[in-house]
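Trainee: Could you take me through one part of this protein slowly, and then show me how it fits with the rest? I would like to follow it along with the structure open.

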Amino acid sequence: MTAFHSRWLAVSRFIGQEAMALDDKDWDAWLALYHDEAEYWVPAWDDHERPTADPQNEVSLIYYPNRGGLEDRVFRIRTRRSAASTPQPRTVHRFSLLSADESDGQVHARTSWTTVSVLEGKVATLSGWAFYDLEPQDDSFVIRRKKTIVVTDLFHEIADVYSI
């Protein structure tokens, strides 16, 4: 197997672990995939039909500058201290790996994704792209940065970490 194919398989397996952890609502396993300093960003769309470019100065659907924000979100999900988390939908996360290139000691991956959520008999679908900066760790990776573009621009359900 070539280095390219080996990397492709490893990245696909790793991103699949994230999808499974979200579908299984295994929050500890999901958080373990993220580096302590991982940035998690879901930009909004601007008036020119482009995703916003600066999470510090423009609107984002979700922005956490490090894993602490994700840990706080998981705490609110677990304790049901968020209206967005009660009740939680059942989800199916599907992704296609589009690229996995290595530079600067990291792997930069892009996926296209679709998440189907089911709650109280209603089915909702969101889709988009995700961009990952992955840092090798042991025989796997940790996520240093994840930027998710939600292509679905009109949706009636809540966009949260478990639905994208």
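Mentor: Happy to; we will take helix 1 and its surroundings, then move on to the salt bridges, a surface patch and a few loop residues. Please keep in mind as you look that this is a predicted model.

Let's begin with the helix itself. Helix 1 covers residues 3-24, which makes 22 residues. From its first C-alpha to its last it reaches 31 Å, close to the 32 Å expected at 1.5 Å a residue. Just after the helix comes K25, and its phi is positive, near 55 degrees.

Now look at the side of the helix that is covered. The buried residues of helix 1 are R7, V11, F14, I15, G16, E18, A19, A21 and L22. What lies over them? The cover includes helix 2 (27-32) and strand 1 (34-43), along with strand 3 (90-103), strand 4 (106-119), strand 5 (122-137) and strand 6 (140-150).

In that list of buried residues, R7 deserves a closer look. R7 is found in helix 1, and it is one of the buried residues there. Setting aside residues up to four places away in sequence, R7 touches A100, D101, E102 and V107. With E102, the side chain of R7 makes a polar contact of 3.3 Å. The pair also counts as a salt bridge, with the closest N and O atoms 3.3 Å apart. E102 lies in strand 3 and R7 in helix 1, so this bridge ties together parts that are 95 residues apart in sequence.

That brings us to the other salt bridges, of which the structure holds 9 in total, counting the one just described. One of them is formed by the side chains of D28 and R78, at 2.8 Å from N to O. Here too distant parts of the chain are linked: D28 is in helix 2 and R78 is in helix 3 (residues 67-79), 50 residues apart. As for how open the two partners are, D28 counts as exposed because its relative accessibility is 51%, while R78 is partly exposed, with a relative accessible area of 45%.

Another bridge joins R145 and E39, whose side chains meet at 2.5 Å, N to O. R145 belongs to strand 6 and E39 to strand 1, so to speak two distant parts of the chain, 106 residues apart. Is each partner buried or exposed, or something in between? R145 has 27% relative accessibility and therefore counts as partly exposed. E39, at 17%, counts as buried, because the cut-off for buried is under 20% relative accessible area. You can also look for a network of salt bridges that links D36, R67 and E71.

Next, turn to the nonpolar surface. W45, L98, W129 and V151 make a nonpolar surface patch of about 330 Å². Of these, W45 sits in the loop between strand 1 and strand 2 (60-64). With 31% relative accessibility, W45 counts as partly exposed.

Strand 5 was part of the cover over helix 1, and one of its residues is T125. T125 counts as partly exposed, since its relative accessibility is 43%. Leaving aside neighbours within four places in sequence, T125 is in contact with T114, T115, V116, T152 and E157. If you want a sense of distance across the model, the C-alpha atoms of T125 and G68 are separated by 28 Å, and the two residues are 57 apart along the chain.

Finally, have a look at two loop residues with a backbone angle worth checking on your screen. D104 is in the loop between strand 3 and strand 4, and its phi is positive, about 55 degrees, although it is not a glycine. D138 lies in the loop between strand 5 and strand 6, and it has a positive phi of about 55 degrees, again without being a glycine. Are these two buried or exposed? D104 counts as exposed because its relative accessibility is 77%, and D138 counts as exposed because its value is 79%.

To return to where we started, helix 1 has its buried residues covered by elements including helix 2 and strand 3, and the R7 to E102 salt bridge ties helix 1 to strand 3.

Methods:
Residues numbered from 1 in each chain as written. Predicted model: local features only at pLDDT ≥ 70, side-chain atom pairs only at ≥ 80, totals over all residues. Heavy atoms only, no water. Helix = DSSP H or I, 4+ residues; strand = E, 2+ residues; numbered from the N terminus. Expected span 1.5 Å × (residues − 1). Buried < 20%, exposed > 50% of the residue type's maximum accessible area, 1.4 Å probe, protein only. Contact = heavy atoms within 4.5 Å. Patch = residues over 30% accessible without salt bridge, like charges linked within 9 Å, V, L, I, M, F, W, Y side chains within 5 Å. Areas by Shrake-Rupley, 256 points an atom, 1.4 Å probe, with all protein chains shown as cover. Salt bridge = Lys/Arg side-chain N within 4 Å of Asp/Glu carboxyl O. Polar contact = N/O pair within 3.5 Å; in protein donor to acceptor, adjacent residues only side chain to side chain.
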